[in-house]
Amino acid sequence: MLALGKLLELTLAGREPAEKTQLTVEGVRMRWLSEGALEVRPPEARDNGLDLLLSAGIHGNETAPIELLDRLLHDIARGDLKPRARILFLFGNPEAIRKGERFVEQDVNRLFNGRHEQSSGTEALRACELERLAASFFSLPDRQRLHYDLHTAIRGSKIEQFALYPWKEGRQHSRLELARLRAAGMEAVLLQNKPSIVFSSYTYDKLGAEAFTLELGKARPFGQNDGVNVSLLETRLKQIIEGTEPEMAEAQLDGLQLFSVAREIIKHSDAFRLNLPQDVENFSELEMGYVLAEDLANTRWIIEEEGARIIFPNPKVKNGLRAGILIVPTSDENLA
Ligand SMILES: O=C(O)CCC(=O)N[C@@H](CCC(=O)O)C(=O)O
Ligand SMILES: [Zn+2]
(Lines give C-alpha, C1' and ligand atoms only; values in the text may rest on other atoms or scores of the structure.)
(Ligands and ions follow the chains in the order given, each with its own letter.)
Protein backbone atom coordinates (compact mmCIF):
# COMPACT_ATOMS: atom_id res chain seq x y z
CA MET A 1 0.00 0.00 0.00
CA LEU A 2 1.14 3.57 -0.65
CA ALA A 3 2.76 5.24 2.35
CA LEU A 4 0.25 8.10 2.36
CA GLY A 5 -2.53 5.56 2.91
CA LYS A 6 -1.02 5.18 6.36
CA LEU A 7 -2.06 8.64 7.51
CA LEU A 8 -3.09 7.28 10.91
CA GLU A 9 0.28 5.60 11.48
CA LEU A 10 2.07 8.81 10.47
CA THR A 11 -0.16 10.84 12.78
CA LEU A 12 0.28 8.48 15.73
CA ALA A 13 4.04 8.60 15.25
CA GLY A 14 4.01 12.39 14.79
CA ARG A 15 5.93 11.95 11.51
CA GLU A 16 5.90 13.74 8.17
CA PRO A 17 5.94 11.49 5.10
CA ALA A 18 9.12 11.57 2.99
CA GLU A 19 7.03 12.07 -0.18
CA LYS A 20 4.12 14.47 0.15
CA THR A 21 2.31 13.38 -3.03
CA GLN A 22 1.57 9.91 -4.35
CA LEU A 23 -0.42 8.48 -7.24
CA THR A 24 -2.38 5.22 -6.88
CA VAL A 25 -2.61 2.62 -9.65
CA GLU A 26 -6.04 4.10 -10.43
CA GLY A 27 -4.51 7.54 -11.06
CA VAL A 28 -5.87 8.96 -7.80
CA ARG A 29 -3.63 11.68 -6.35
CA MET A 30 -3.03 11.64 -2.60
CA ARG A 31 -1.48 14.75 -1.10
CA TRP A 32 -0.31 15.14 2.52
CA LEU A 33 -1.14 18.70 3.58
CA SER A 34 -0.24 18.86 7.23
CA GLU A 35 -0.32 16.66 10.32
CA GLY A 36 -3.42 14.44 10.09
CA ALA A 37 -4.56 16.07 6.83
CA LEU A 38 -4.66 14.37 3.45
CA GLU A 39 -6.37 15.35 0.21
CA VAL A 40 -7.53 12.74 -2.30
CA ARG A 41 -8.19 13.78 -5.88
CA PRO A 42 -9.68 11.50 -8.55
CA PRO A 43 -8.44 11.71 -12.15
CA GLU A 44 -10.18 14.68 -13.82
CA ALA A 45 -12.19 12.49 -16.18
CA ARG A 46 -13.73 10.59 -13.25
CA ASP A 47 -14.39 13.59 -10.97
CA ASN A 48 -18.15 13.88 -10.27
CA GLY A 49 -18.04 17.36 -8.73
CA LEU A 50 -18.45 16.40 -5.07
CA ASP A 51 -16.08 17.76 -2.41
CA LEU A 52 -16.33 15.52 0.67
CA LEU A 53 -14.70 16.42 3.98
CA LEU A 54 -14.41 13.53 6.43
CA SER A 55 -13.10 14.40 9.88
CA ALA A 56 -12.60 12.30 13.00
CA GLY A 57 -10.49 12.54 16.15
CA ILE A 58 -11.56 16.09 16.92
CA HIS A 59 -11.79 14.37 20.30
CA GLY A 60 -8.71 12.18 20.70
CA ASN A 61 -10.37 9.31 22.60
CA GLU A 62 -13.14 8.76 20.01
CA THR A 63 -11.39 6.03 18.09
CA ALA A 64 -14.12 4.14 16.17
CA PRO A 65 -14.51 7.01 13.66
CA ILE A 66 -10.71 7.28 13.32
CA GLU A 67 -10.51 3.56 12.55
CA LEU A 68 -13.32 3.95 9.99
CA LEU A 69 -11.49 6.74 8.12
CA ASP A 70 -8.27 4.71 8.32
CA ARG A 71 -10.02 1.77 6.59
CA LEU A 72 -11.38 4.02 3.83
CA LEU A 73 -7.94 5.52 3.22
CA HIS A 74 -6.29 2.09 3.09
CA ASP A 75 -8.87 1.00 0.51
CA ILE A 76 -8.20 4.08 -1.62
CA ALA A 77 -4.41 3.71 -1.36
CA ARG A 78 -4.66 0.04 -2.42
CA GLY A 79 -6.90 0.90 -5.36
CA ASP A 80 -9.83 -1.11 -3.89
CA LEU A 81 -11.97 2.02 -3.51
CA LYS A 82 -12.07 4.20 -6.62
CA PRO A 83 -13.07 7.77 -5.72
CA ARG A 84 -15.06 9.99 -8.04
CA ALA A 85 -15.25 12.65 -5.32
CA ARG A 86 -12.48 14.94 -4.09
CA ILE A 87 -11.96 14.10 -0.42
CA LEU A 88 -10.24 15.76 2.50
CA PHE A 89 -9.42 13.41 5.37
CA LEU A 90 -8.75 15.15 8.69
CA PHE A 91 -7.68 13.72 12.03
CA GLY A 92 -8.69 16.65 14.18
CA ASN A 93 -6.54 16.66 17.31
CA PRO A 94 -3.36 14.59 16.72
CA GLU A 95 -1.83 15.28 20.12
CA ALA A 96 -5.00 14.20 21.93
CA ILE A 97 -5.25 11.11 19.68
CA ARG A 98 -1.71 10.13 20.66
CA LYS A 99 -2.62 10.55 24.33
CA GLY A 100 -5.99 8.80 23.99
CA GLU A 101 -7.68 11.81 25.63
CA ARG A 102 -10.72 13.87 24.62
CA PHE A 103 -8.42 16.93 24.56
CA VAL A 104 -5.10 18.08 25.99
CA GLU A 105 -5.71 21.64 27.23
CA GLN A 106 -9.07 22.56 25.81
CA ASP A 107 -11.84 21.08 23.65
CA VAL A 108 -11.04 21.82 19.97
CA ASN A 109 -14.74 21.52 19.20
CA ARG A 110 -15.46 24.70 21.17
CA LEU A 111 -12.94 26.80 19.23
CA PHE A 112 -14.46 27.24 15.76
CA ASN A 113 -16.21 30.14 14.11
CA GLY A 114 -13.54 32.53 15.37
CA ARG A 115 -13.37 31.31 18.99
CA HIS A 116 -9.74 30.22 18.56
CA GLU A 117 -8.81 33.88 18.07
CA GLN A 118 -9.79 34.59 21.68
CA SER A 119 -7.63 31.74 22.94
CA SER A 120 -4.09 30.34 22.81
CA GLY A 121 -2.26 27.01 22.98
CA THR A 122 -1.93 24.07 20.62
CA GLU A 123 -5.65 23.39 20.39
CA ALA A 124 -6.48 26.98 19.45
CA LEU A 125 -3.78 26.81 16.76
CA ARG A 126 -5.15 23.48 15.54
CA ALA A 127 -8.72 24.83 15.30
CA CYS A 128 -7.35 27.72 13.23
CA GLU A 129 -5.46 25.28 11.00
CA LEU A 130 -8.52 23.05 10.58
CA GLU A 131 -10.59 26.07 9.54
CA ARG A 132 -7.89 27.03 7.02
CA LEU A 133 -7.65 23.48 5.61
CA ALA A 134 -11.44 23.21 5.30
CA ALA A 135 -11.75 26.68 3.75
CA SER A 136 -9.08 25.95 1.17
CA PHE A 137 -10.62 22.55 0.36
CA PHE A 138 -14.10 24.06 -0.07
CA SER A 139 -12.89 27.02 -2.14
CA LEU A 140 -13.52 25.56 -5.61
CA PRO A 141 -16.61 27.04 -7.27
CA ASP A 142 -19.63 25.13 -8.60
CA ARG A 143 -19.09 21.94 -6.64
CA GLN A 144 -21.23 20.16 -4.05
CA ARG A 145 -19.84 20.44 -0.53
CA LEU A 146 -20.46 17.80 2.14
CA HIS A 147 -18.87 17.44 5.58
CA TYR A 148 -19.31 14.63 8.10
CA ASP A 149 -17.53 15.21 11.42
CA LEU A 150 -17.48 11.78 13.08
CA HIS A 151 -17.65 11.33 16.84
CA THR A 152 -18.49 8.85 19.57
CA ALA A 153 -20.05 9.92 22.86
CA ILE A 154 -18.88 9.81 26.46
CA ARG A 155 -21.92 7.80 27.60
CA GLY A 156 -24.34 5.18 26.37
CA SER A 157 -27.42 6.29 24.47
CA LYS A 158 -31.04 5.24 24.16
CA ILE A 159 -30.64 6.18 20.49
CA GLU A 160 -27.27 4.78 19.46
CA GLN A 161 -26.50 6.66 16.23
CA PHE A 162 -27.63 10.18 15.55
CA ALA A 163 -26.63 13.40 13.83
CA LEU A 164 -26.55 17.06 14.78
CA TYR A 165 -27.46 19.39 11.91
CA PRO A 166 -26.10 22.96 12.29
CA TRP A 167 -28.15 26.11 11.79
CA LYS A 168 -27.75 29.27 9.77
CA GLU A 169 -30.15 32.22 9.47
CA GLY A 170 -32.21 31.92 6.29
CA ARG A 171 -31.00 28.43 5.37
CA GLN A 172 -33.36 25.46 5.50
CA HIS A 173 -32.38 21.96 6.58
CA SER A 174 -32.38 19.55 3.63
CA ARG A 175 -34.76 16.58 3.54
CA LEU A 176 -32.52 14.90 0.99
CA GLU A 177 -29.51 15.07 3.31
CA LEU A 178 -31.65 13.64 6.13
CA ALA A 179 -32.69 10.76 3.89
CA ARG A 180 -29.03 10.14 3.13
CA LEU A 181 -28.27 10.06 6.86
CA ARG A 182 -31.13 7.63 7.46
CA ALA A 183 -29.70 5.34 4.79
CA ALA A 184 -26.33 5.65 6.56
CA GLY A 185 -27.83 4.21 9.75
CA MET A 186 -28.65 7.36 11.70
CA GLU A 187 -31.77 6.88 13.83
CA ALA A 188 -32.28 10.50 14.87
CA VAL A 189 -31.24 14.02 13.93
CA LEU A 190 -31.08 17.07 16.17
CA LEU A 191 -31.95 20.16 14.13
CA GLN A 192 -30.03 23.05 15.67
CA ASN A 193 -31.74 26.45 15.88
CA LYS A 194 -28.86 28.79 16.64
CA PRO A 195 -25.21 29.33 15.67
CA SER A 196 -22.55 27.25 17.34
CA ILE A 197 -18.77 26.97 17.78
CA VAL A 198 -18.31 23.35 16.66
CA PHE A 199 -16.47 22.27 13.49
CA SER A 200 -19.56 21.23 11.49
CA SER A 201 -21.19 24.59 12.27
CA TYR A 202 -18.17 26.37 10.82
CA THR A 203 -18.24 24.44 7.52
CA TYR A 204 -22.06 24.80 7.33
CA ASP A 205 -22.20 28.47 8.20
CA LYS A 206 -19.01 29.91 6.68
CA LEU A 207 -18.20 27.50 3.84
CA GLY A 208 -21.67 26.63 2.54
CA ALA A 209 -21.24 22.88 3.03
CA GLU A 210 -24.00 20.52 4.06
CA ALA A 211 -22.41 19.58 7.36
CA PHE A 212 -23.17 17.27 10.25
CA THR A 213 -21.72 15.99 13.48
CA LEU A 214 -22.37 12.24 13.55
CA GLU A 215 -22.47 10.34 16.86
CA LEU A 216 -21.79 6.66 16.27
CA GLY A 217 -21.81 5.02 19.71
CA LYS A 218 -19.76 5.06 22.87
CA ALA A 219 -16.10 6.18 22.92
CA ARG A 220 -13.59 3.37 23.49
CA PRO A 221 -9.82 2.93 22.98
CA PHE A 222 -8.29 1.76 19.66
CA GLY A 223 -9.01 -1.89 18.91
CA GLN A 224 -11.99 -2.08 21.28
CA ASN A 225 -14.72 -0.87 18.96
CA ASP A 226 -16.61 -4.09 18.19
CA GLY A 227 -19.62 -2.60 19.97
CA VAL A 228 -19.73 0.34 17.57
CA ASN A 229 -21.47 -0.83 14.43
CA VAL A 230 -20.60 1.54 11.60
CA SER A 231 -21.37 -0.88 8.77
CA LEU A 232 -24.30 1.10 7.29
CA LEU A 233 -22.35 4.35 7.45
CA GLU A 234 -19.26 2.71 5.98
CA THR A 235 -21.23 1.29 3.06
CA ARG A 236 -22.85 4.66 2.41
CA LEU A 237 -19.54 6.52 2.58
CA LYS A 238 -18.04 4.11 0.06
CA GLN A 239 -21.01 4.72 -2.25
CA ILE A 240 -20.67 8.49 -1.85
CA ILE A 241 -16.92 8.28 -2.53
CA GLU A 242 -17.37 6.09 -5.62
CA GLY A 243 -20.45 7.95 -6.85
CA THR A 244 -22.57 4.80 -6.73
CA GLU A 245 -25.15 5.95 -4.20
CA PRO A 246 -28.67 4.69 -4.98
CA GLU A 247 -31.05 7.46 -6.19
CA MET A 248 -32.92 9.28 -3.44
CA ALA A 249 -35.62 10.79 -5.65
CA GLU A 250 -38.43 10.90 -3.08
CA ALA A 251 -36.52 11.68 0.11
CA GLN A 252 -37.71 8.93 2.48
CA LEU A 253 -37.05 9.67 6.13
CA ASP A 254 -38.18 6.16 6.98
CA GLY A 255 -38.74 6.49 10.73
CA LEU A 256 -35.91 8.97 11.34
CA GLN A 257 -36.68 10.75 14.64
CA LEU A 258 -36.30 14.53 14.57
CA PHE A 259 -35.55 16.70 17.57
CA SER A 260 -34.95 20.38 18.12
CA VAL A 261 -33.07 22.18 20.87
CA ALA A 262 -35.29 23.48 23.66
CA ARG A 263 -32.42 24.90 25.75
CA GLU A 264 -28.70 24.57 26.11
CA ILE A 265 -27.64 24.09 29.73
CA ILE A 266 -24.66 26.39 30.30
CA LYS A 267 -22.39 25.90 33.30
CA HIS A 268 -21.73 29.38 34.71
CA SER A 269 -19.69 28.62 37.83
CA ASP A 270 -17.99 25.99 39.96
CA ALA A 271 -21.21 25.83 41.99
CA PHE A 272 -22.97 24.20 39.01
CA ARG A 273 -24.74 20.93 39.93
CA LEU A 274 -26.35 18.55 37.47
CA ASN A 275 -29.03 16.40 39.10
CA LEU A 276 -28.59 13.30 36.98
CA PRO A 277 -26.97 9.93 37.73
CA GLN A 278 -23.40 9.65 36.40
CA ASP A 279 -24.37 6.84 34.05
CA VAL A 280 -27.49 8.52 32.63
CA GLU A 281 -27.89 7.72 28.93
CA ASN A 282 -28.23 10.25 26.14
CA PHE A 283 -31.90 10.77 25.12
CA SER A 284 -33.16 9.96 28.62
CA GLU A 285 -36.59 11.51 29.16
CA LEU A 286 -37.07 14.12 31.88
CA GLU A 287 -40.34 14.78 33.68
CA MET A 288 -42.05 18.17 33.80
CA GLY A 289 -41.05 20.05 36.93
CA TYR A 290 -37.78 18.14 37.40
CA VAL A 291 -34.92 20.33 38.70
CA LEU A 292 -32.25 19.38 36.18
CA ALA A 293 -29.46 21.69 37.29
CA GLU A 294 -28.58 24.39 39.77
CA ASP A 295 -25.95 27.10 39.68
CA LEU A 296 -24.86 30.29 41.44
CA ALA A 297 -27.39 32.81 42.71
CA ASN A 298 -30.14 30.19 43.03
CA THR A 299 -30.30 29.66 39.26
CA ARG A 300 -32.37 26.53 38.60
CA TRP A 301 -32.98 24.67 35.37
CA ILE A 302 -36.49 23.23 35.70
CA ILE A 303 -38.07 21.08 33.00
CA GLU A 304 -41.01 22.92 31.43
CA GLU A 305 -41.06 21.19 28.05
CA GLU A 306 -43.33 18.27 27.11
CA GLY A 307 -41.27 15.26 25.94
CA ALA A 308 -37.93 16.78 27.04
CA ARG A 309 -34.81 14.62 26.81
CA ILE A 310 -31.18 15.26 27.69
CA ILE A 311 -28.10 14.72 25.53
CA PHE A 312 -24.40 15.23 26.31
CA PRO A 313 -24.84 15.91 30.05
CA ASN A 314 -21.39 16.81 31.36
CA PRO A 315 -20.98 18.84 34.57
CA LYS A 316 -17.18 18.72 34.19
CA VAL A 317 -16.99 21.20 31.29
CA LYS A 318 -15.25 24.53 31.82
CA ASN A 319 -17.36 27.42 33.10
CA GLY A 320 -19.17 29.19 30.27
CA LEU A 321 -19.52 26.02 28.18
CA ARG A 322 -22.45 23.74 27.39
CA ALA A 323 -23.08 21.15 30.10
CA GLY A 324 -25.94 19.43 28.27
CA ILE A 325 -28.62 19.97 25.64
CA LEU A 326 -32.31 19.75 26.42
CA ILE A 327 -34.14 18.56 23.33
CA VAL A 328 -37.76 18.01 22.29
CA PRO A 329 -39.34 16.08 19.42
CA THR A 330 -40.06 18.11 16.28
CA SER A 331 -41.70 17.55 12.89
CA ASP A 332 -40.36 17.58 9.33
CA GLU A 333 -42.57 20.49 8.20
CA ASN A 334 -39.78 23.06 7.84
CA LEU A 335 -37.42 20.96 5.75
CA ALA A 336 -36.43 22.08 2.26
O1 LIG B 1 -20.72 12.59 24.84
C2 LIG B 1 -20.61 13.80 24.94
O3 LIG B 1 -20.98 14.42 25.95
C4 LIG B 1 -20.01 14.60 23.82
C5 LIG B 1 -19.88 13.86 22.51
C6 LIG B 1 -19.35 14.86 21.50
O7 LIG B 1 -18.16 15.04 21.42
N8 LIG B 1 -20.28 15.55 20.83
C9 LIG B 1 -19.94 16.69 20.05
C10 LIG B 1 -21.18 17.29 19.44
C11 LIG B 1 -20.85 18.45 18.54
C12 LIG B 1 -22.10 19.23 18.09
O13 LIG B 1 -22.74 19.85 18.94
O14 LIG B 1 -22.39 19.22 16.87
C15 LIG B 1 -19.29 17.73 20.97
O16 LIG B 1 -19.74 17.85 22.13
O17 LIG B 1 -18.34 18.37 20.54
ZN1 LIG C 1 -16.65 14.05 20.16
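## A tour from the ligand outwards

Start by selecting ligand 1: its surroundings are H59, N109, H151, A153, I154, R155, L164, V198, S200, T213, F312 and N314, where a residue counts as near if its C-beta atom, placed from the backbone, lies within 6 Å. Sorted by class, this shell holds five nonpolar, six polar and one charged residues; Ala, Val, Leu, Ile, Met, Phe, Trp, Tyr, Cys and Pro count as nonpolar, Asp, Glu, Lys and Arg as charged, and the others, Gly among them, as polar.

The model is predicted: local features need pLDDT of at least 70, side-chain atom pairs count only at pLDDT 80 or more, and totals for chains, interfaces and linings use all residues. Residues are numbered from 1 along each chain as its sequence is written, while chains are lettered from A and ligands numbered from 1 in the order in which they are written.

Next, select residues 144-153, strand β6. Eight of its ten residues are buried, so β6 is largely enclosed by the rest of the structure; buried means 20 or more other C-beta atoms, placed from the backbone, within 10 Å of the residue's own. Add strand β4 (residues 50-56), which pairs with β6 in the parallel sense over seven bridges; two strands pair if DSSP finds at least two bridges between them. In this pairing L50 stands opposite Q144. Then add strand β9 (residues 210-218), which runs parallel to β6 and is joined to β6 by seven bridges. Here H147 of β6 faces A211 of β9.

Now move to residues 256-329, which an unreviewed UniProt entry gives as "domain: AstE/AspA barrel-sandwich hybrid"; such annotations may be inferred rather than shown by experiment. This stretch is 0% helix and 46% strand, with its end C-alpha atoms 11 Å apart.

Select β11, β13 and β14 to see an open antiparallel sheet in the order β11-β13-β14. The edges are β11 (273-274) and β14 (299-302), each with a single partner strand, so one side of each has no neighbour in the sheet. Two bridges link β11 to β13 (residues 291-295), and R273 has E294 as its bridge partner.

Finally, zoom out to the whole protein. There are seven helices and 16 strands, counted as DSSP runs (helices H or I, at least four residues; strands E, at least two). Of the 336 residues, 43% count as buried. The C-alpha atoms fill a box of roughly 65 × 45 × 40 Å along the principal axes.

Terms used:
Buried ≥ 20, exposed ≤ 12 C-beta atoms within 10 Å, placed from the backbone.
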